[in-house]
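Reader: I'm new to this one and would like to learn how to read it. Could you show me the model and walk me through it?

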Amino acid sequence: MVTIIERPSPNHDARPEGQVVDLIVLHYTGMRSAEEALDRLRDPAAKVSAHYLLDEDGSVSRLVPEHRRAWHAGVASWRGSSDINARSLGIELVNPGHEFGYRPFPEAQMAALIELCHVLRARHGIERQGLVGHSDVAPLRKLDPGEFFDWRRLAGEGLSVWPEQRAAAVETTPLRNLRRLQDFGYGYLAEDPGAVVRAFQRRFRPSVISGEIDAETAALLGGLVA
């Protein structure tokens, strides 16, 4: 079992009464160092936090108790719900992000994340579809955890989902493809469908992030909802 370091943040509040936790939202810190990220996540003036922070060496810090609402998702939507913080656990992965030198996530960090996610899913009864990225729930604003994150590995661990392209339906009209994105959980399709498609591609087809639903993207969408 991964060792957890207690580093409390004051930035949290009560979840709504009776609220079920059914999501885990993965982020990258997007800051120059782990120390800088930790300082910000514990700064009362910043008003941001997460439940856990995973450093690149695999060390895990708990900032907010799981029964409390951490402030990590911001303006977001998933499966028709807009208060993502209320229903989720937030995990920050130390990584400079696209602004400060985005890089792949080290093995030690990924191994610690997999172990932690197994524990959290079992504790809260979270389904595989409930493990999402910040860019999934906030595609108009966010890129994290980004195209270097190995979602397929997490699916192989039984923690997340991965589309089976062979399961895709032949019919791929634009309206049907947008409906598939909505069926999976994405919001904001009326505001900026291209941004939503890019979020999907960043997670499931990171080799080409165009915002256009080409044949491969349509096939992956079909396989995912199947």
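Reader: What share of the contacts in the protein with a separation of 6 or more is between residues 24 or more positions apart?

Author: First, keep in mind that this is a predicted model. For contacts, the thing to look at is how far along the chain the two partners sit. Here, 69% of the contacts with a separation of 6 or more join residues 24 or more positions apart.

Reader: What helices and strands does the protein have, and how many of each?

Author: The protein has 9 helices and 8 strands. Its radius of gyration is 17 Å, close to the 17 Å that the globule rule gives for 226 residues, so the protein is as compact as a globular protein of that length. Along the principal axes, the C-alpha atoms fill a box of roughly 50 × 40 × 30 Å.

Reader: How many of the residues are buried?

Author: Buried residues make up 50% of the 226. As for the outside, the accessible surface comes to about 10100 Å², and carbon and sulfur atoms hold 50% of that.

Reader: Let's try a single residue. Is Gly 80 buried or exposed?

Author: To call a residue exposed, you want a relative accessible area over 50%. Gly 80 has 77%, so it counts as exposed. You'll find Gly 80 in the loop between β6 (68-70) and α2 (84-87). Try measuring from there to Glu 56: the two are 24 residues apart in sequence, and their C-alpha atoms are 33 Å apart in space.

Reader: Now the hollows. What volume does the largest pocket have, and which residues lie nearest its centre?

Author: With a pocket, ask about volume, then lining. The largest pocket has about 460 Å³. Of the 24 residues that line this pocket, Tyr 28, Thr 29, Glu 92, His 134 and Lys 142 lie nearest the centre. The elements giving two or more residues to the lining are β3 (23-28), α1 (34-41) and α3 (97-100). By class, the lining has 9 nonpolar, 9 polar and 6 charged residues.

Reader: And which element gives the largest share of the lining of the second largest pocket?

Author: That's α9, with 3 residues. This second pocket has a volume of about 180 Å³, and its lining includes Arg 79, Trp 162 and Phe 184. Sorted by class, you get 6 nonpolar, 2 polar and 3 charged residues.

Reader: How many cavities of 30 Å³ or more does the structure hold?

Author: Just 1, with about 30 Å³ of space. Among the residues lining this cavity are Asp 136, Trp 151 and Arg 202. Helix α8 gives the largest share of the lining, 3 residues, and by class the lining has 3 nonpolar, 3 polar and 4 charged residues.

Methods: Residues are numbered from 1 along each chain as its sequence is written. This is a predicted model: local features need pLDDT of at least 70, side-chain atom pairs count only at pLDDT 80 or more; totals for chains, interfaces and linings use all residues. Side-chain values use heavy atoms; hydrogens and water are left out. On a 1 Å grid over the protein atoms alone, a cavity is a set of points where a 1.4 Å probe fits but cannot get out, and a pocket is an open set with protein on both sides within 12 Å along at least five of seven lines; lining residues have an atom within 4 Å of a point. Grid points are joined across faces, edges and corners, and a volume is the space filled by probe spheres set on the points. Helices (H or I, at least four residues) and strands (E, at least two) are DSSP runs, numbered from the N terminus. Ala, Val, Leu, Ile, Met, Phe, Trp, Tyr, Cys and Pro count as nonpolar, Asp, Glu, Lys and Arg as charged, and the others, Gly among them, as polar. The radius of gyration is taken over C-alpha atoms; the globule rule is 2.2 Å times the number of residues to the power 0.38. Buried means under 20% relative accessible area, exposed over 50%, partly exposed in between (1.4 Å probe, protein chains only). Contact means heavy atoms within 4.5 Å. Accessible areas come from the Shrake-Rupley method with a 1.4 Å probe; for residues, only the protein chains shown count as cover.
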